[in-house]
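Please open the structure in your viewer and keep the selection tool at hand. The tour below proceeds from one selection to the next.

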Amino acid sequence: MTPEEINNLLDENQIGSFLSFGIENMKVLCELAKELPEKPSILEIGTLEGRSACAWALATGGRVYTVDKKDRGQVYANIKKLNLEDRVHYIVSSSQDFDIEQRFDLIFIDGGHSYENAMHDIKKFTPFARHIVCGHDYNEQFLDVKRAVDDFFGELVENNNTIWVLKKQKVLK
């Protein structure tokens, strides 16, 4: 699916807000999806209403595990609206309490937006990303997130709209 098709489908089904994750971010997401293996495994930290989790599943055909500390019934309903129950798995847990036991092709971090929470998530989950670790809200509105990303990764990250991206091969070279 194209970014426009995914964005329109999510909007038509009233899944999340295009204001926080709209077409420009959808384009970045779809470009990153092209760099992943077929049917990748994705871990998302921070769910809100499930917009980006559903978008990852639609863009990649892969399996998405999305973790959020709040049990939001709307997330289950949104996943069901798109018939993604077999591909999007909603896990109610804080990122601090979530026991990660496997590696994922891509990890998308959009959890707590304080410096401490963002740094915790970056440190904890980055080693479990096979190919790409990225996150949302890398901008002046969320300076703590931006500072945590910059402090941990320095010049290695790319900034695409409000999404920061680290491709693991950059670290390995």
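Begin by selecting Thr-66 and Thr-47, whose side chains are joined by a polar contact of 2.6 Å. A polar contact is a pair of N or O atoms within 3.5 Å; within protein, one must be able to donate a hydrogen and the other to accept it, and residues adjacent in sequence count only if both atoms are side-chain atoms. The model is predicted, so local features need pLDDT of at least 70 and side-chain atom pairs count only at pLDDT 80 or more, whereas totals for chains, interfaces and linings use all residues. Residues are numbered from 1 along each chain as its sequence is written, and side-chain values use heavy atoms, with hydrogens and water left out.

**Thr-66 and its surroundings**

Keep Thr-66 selected and show its strand, β2. Helices (H or I, at least four residues) and strands (E, at least two) are DSSP runs, numbered from the N terminus. Is Thr-66 buried or exposed? Thr-66 is buried, with a relative accessible area of 0%. The classes are buried (under 20% relative accessible area), exposed (over 50%) and partly exposed (in between), with a 1.4 Å probe and protein chains only.

Next, display the residues that Thr-66 touches, leaving aside those up to four places away in sequence: Glu-44, Gly-46, Thr-47, Ala-53, Val-88, His-89, Tyr-90 and Ile-91. Contact here means heavy atoms within 4.5 Å. Tyr-90 is also the bridge partner of Thr-66 in β3.

**The sheet**

Now select the strands. They form an open sheet of seven, in the order β3-β2-β1-β4-β5-β7-β6, with mixed pairing; two strands pair if DSSP finds at least two bridges between them. At the edges lie β3 (88-92) and β6 (158-160), each of which pairs on one side only. From one strand to the next the twist averages 20 degrees.

Turn to β2 and β3, which pair in the parallel sense over five bridges. Within this pair, Asp-68 stands opposite Val-92 in β3. Add helix α4 (residues 73-81) to the selection: β2, α4 and β3 make a right-handed β-α-β unit. A crossover is right-handed if, with the strands pointing away from the viewer, the path from the first strand over the helix to the second runs clockwise.

On to β1 and β2, which also pair in the parallel sense over five bridges. Ser-41 has Arg-63 as its bridge partner in β2. The chain crosses from β1 through α3 to β2 in a right-handed β-α-β crossover. Helix α3 (residues 51-60) lies across β1 (41-45), β2 (63-68), β3, β4 (104-109) and β5 (129-135), and runs at about 165 degrees to β1. Axes are lines fitted to C-alpha atoms, for helices over the stretch in contact, and angles run from 0 to 180 degrees between N-to-C directions.

At the β6 edge, select β7 (residues 163-167), which is joined to β6 by three bridges in an antiparallel arrangement. Asn-160 has Ile-163 in β7 as its bridge partner.

**Asp-105**

Select Asp-105 in strand β4. Asp-105 counts as buried, at 8% relative accessibility. Which residues does Asp-105 touch, not counting those up to four places away in sequence? They are Leu-36, Pro-37, Pro-40, Ser-41, Arg-130, His-131 and Ile-132.

**Salt bridges**

Side chains of opposite charge can pair when their charged atoms come close. The rule used here is a side-chain nitrogen of Lys or Arg within 4 Å of a carboxyl oxygen of Asp or Glu, and by this rule the count comes to nine salt bridges.

Return to Asp-68, which meets Arg-72 in a salt bridge of 2.8 Å, N to O. Asp-68 is buried at 10% relative accessible area, whereas Arg-72 is partly exposed at 23%.

Then select Lys-34 and Glu-31, a salt bridge with the closest N and O atoms 2.9 Å apart. Lys-34 counts as exposed at 62% relative accessibility, and Glu-31 is partly exposed at 44%.

Finally, go to Asp-144 and Arg-147, whose closest N and O atoms are 3.7 Å apart in a salt bridge. These two residues are separated by about one helical turn, because they are three residues apart in helix α6 (residues 143-153). To finish, select Glu-35, Glu-158 and Lys-167, which are joined into one network by salt bridges that share partners.
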